[in-house]
Amino acid sequence: MKWTPGELVAFTARVIYEVAEGGLTLDYAFQKVKRGWRPLDSFKVFYDVSFDAVRHYFFLKFAASRLFGSSGAKAVAKAWFIYRADQMLYNRDMVSRFKKRLLKRALAAPGDVLREVESLRGDPARYLSIKYSYHPKIVATLLSHLPAEEVEKLLDAGNKTWIWLRINTLKADVDKALNMLEAEAEVEPHPRIPFAVLLKSSRRPVQYLEAVRRLVAIPQDLASIYAVLSLKPEPGDRIVDLAAAPGMKTSLIAQLAEGRAKIVAVDLSQKRVARMKQLLKRVGAGDTVEVVRSDSRKLKTRLFDKALLDAPCTSSGAFTKEPAAKIYPRLEDAPRYSRLQRELLKNALELAGEVVYAVCSILPEEGEEVVGSVEAAPEKPLEDLADPYVGGVGGRTFPHIHRSEAFFISRLRALR
């Protein structure tokens, strides 16, 4: 069934409301609105527009207040149509007609709004927040640790989404997997990681690519791959993966150890443990990993050579994948997460002589400060990583440098 521009705006406004006012993730908000909508042949355009509108929410909210005298969800959705529809919709005639209708009642010209944004450059925090559409607290946090010029590059790059694929050598060799991928997509191999490729373009959505359907290639962000590479898994290692669900990093540990390491994956949630077992079996790592349901803060068992702790966190570095994180970065939850992270890391150091600690966070409270609070020697584990906020205690990934999510990663050696 066909849709109209007005219907697209109304749908997008509902999604924006559920994210901005209800605090939902983009996917949850989209599915909630979709369930109450009339049937359509495809909701793909509606999803893509909703994603883009949430990603640019703070700019659109500012523009809506100037154009329509309102910053409500409906006005924000209308502002999206004025500023973004040309880049997203193919029917240019339809776009042009509907934009004219919207602009008839506008209080300002679109160009005047853009010039007003640029006039805010003297207030870097407000300017960057509005222009690149990030919660002011995200911008303020980054500006307190990085030069303004670098923060602007970071925020600009964070408005892009990169899809990295990990070639699953438990299922196929690299050359075979690349041939499968190149039959349907354009990929760019990572210059130093032979099993990692960046998906540049594709004839179909990534989940429908033959290599992905057969689990020969697995979507996995480069920052996540760096976390496992920092562990340097080898055949014969005894490794524990704490707070391990959903198990993607566990499966990469098994892959890098060529299926010949003793790996224990731990998670507290019974449902997540069950799903992790299924995932590990599907990707070819089920026979090499022991999955245990336990609290990773309290696990007491035999000693391991190495431990990976990708700790629960605010996910404030996930904005390249989840645009709602730009609106609700949950920075106020950092103290609670920091306490949990310190407990987890302290126990990890009791279990293994070498621990890799990782969080998808831009906050030092969840990164540098956590590793600095334990009795261990933290270090930057890989040269590819950017410097941390505090020198010598780990490394960071940033979207403008690595084309990935923003992570903090440190390797720690127990002092005993």
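This briefing covers a pocket, a helix, a sheet, one buried serine and some backbone features. The model is predicted. The second largest pocket holds about 300 Å³ of space. An open sheet has four strands with antiparallel pairing. One cis peptide bond, from A245 to P246, is described below.

**Second largest pocket**

- The lining of the second largest pocket is made up of 13 residues.
- H56, F59, R84, L114 and K131 are the lining residues that lie nearest the pocket centre.
- Three elements each give two or more residues to this lining: α5 (73-88), α7 (110-118) and α8 (124-132).
- By class, the lining has five nonpolar, three polar and five charged residues.

**Helix α8**

- α8 (124-132) is one of the elements that line the second largest pocket with two or more residues.
- Within α8, the buried residues are Y127, L128, S129, I130 and Y132.
- The cover over these buried residues includes α3 (44-55), α4 (57-68) and α7.
- Also included in that cover are α9 (136-143), α10 (148-157) and α16 (324-327).
- α7 therefore appears in two roles: α7 gives two or more residues to the pocket lining, and α7 is among the elements covering α8.- S133 follows α8 and has a positive phi, near 65°.

**Four-stranded sheet**

- The strand order in the open sheet is β2-β3-β1-β4.
- β2 (185-189) and β4 stand at the edges.
- Each of these edge strands has a single partner strand, so one side of each lacks a neighbour in the sheet.
- From one strand to the next, the twist averages 40°.
- β2 and β3 (residues 196-202) run antiparallel and are joined by five bridges.
- In this pair, P189 stands opposite V197 of β3.
- The connection from β2 to β3 is a hairpin through six residues.

**Backbone features in loops**

- What is the peptide bond from A245 to P246, cis or trans? This bond is cis, with omega near 10°.
- P246 is placed in the loop between β5 (238-242) and α14 (248-256).
- L215 is not a glycine, yet has a positive phi of about 60°.
- L215 is found in the loop between α12 (210-213) and β4 (217-219).
- L215 counts as buried because its relative accessibility is 15%, and the cut-off for buried is under 20%.
- R403 also has a positive phi, about 55°, although R403 is not a glycine.
- The loop that holds R403 runs between α19 (399-402) and β12 (407-414).
- R403 is partly exposed, at a relative accessible area of 28%.

**S251 in α14**

- S251 is a residue of helix α14.
- Is S251 buried or exposed? S251 is buried, with a relative accessible area of 0%.
- Which residues does S251 touch, leaving out residues up to four places away in sequence? They are R166, L170, L280, V283 and A285.

How values were computed: Residues are numbered from 1 along each chain as its sequence is written. This is a predicted model: local features need pLDDT of at least 70, side-chain atom pairs count only at pLDDT 80 or more; totals for chains, interfaces and linings use all residues. Side-chain values use heavy atoms; hydrogens and water are left out. On a 1 Å grid over the protein atoms alone, a cavity is a set of points where a 1.4 Å probe fits but cannot get out, and a pocket is an open set with protein on both sides within 12 Å along at least five of seven lines; lining residues have an atom within 4 Å of a point. Grid points are joined across faces, edges and corners, and a volume is the space filled by probe spheres set on the points. Ala, Val, Leu, Ile, Met, Phe, Trp, Tyr, Cys and Pro count as nonpolar, Asp, Glu, Lys and Arg as charged, and the others, Gly among them, as polar. Buried means under 20% relative accessible area, exposed over 50%, partly exposed in between (1.4 Å probe, protein chains only). Contact means heavy atoms within 4.5 Å. Two strands pair if DSSP finds at least two bridges between them. Axes are lines fitted to C-alpha atoms, for helices over the stretch in contact, and angles run from 0 to 180 degrees between N-to-C directions.
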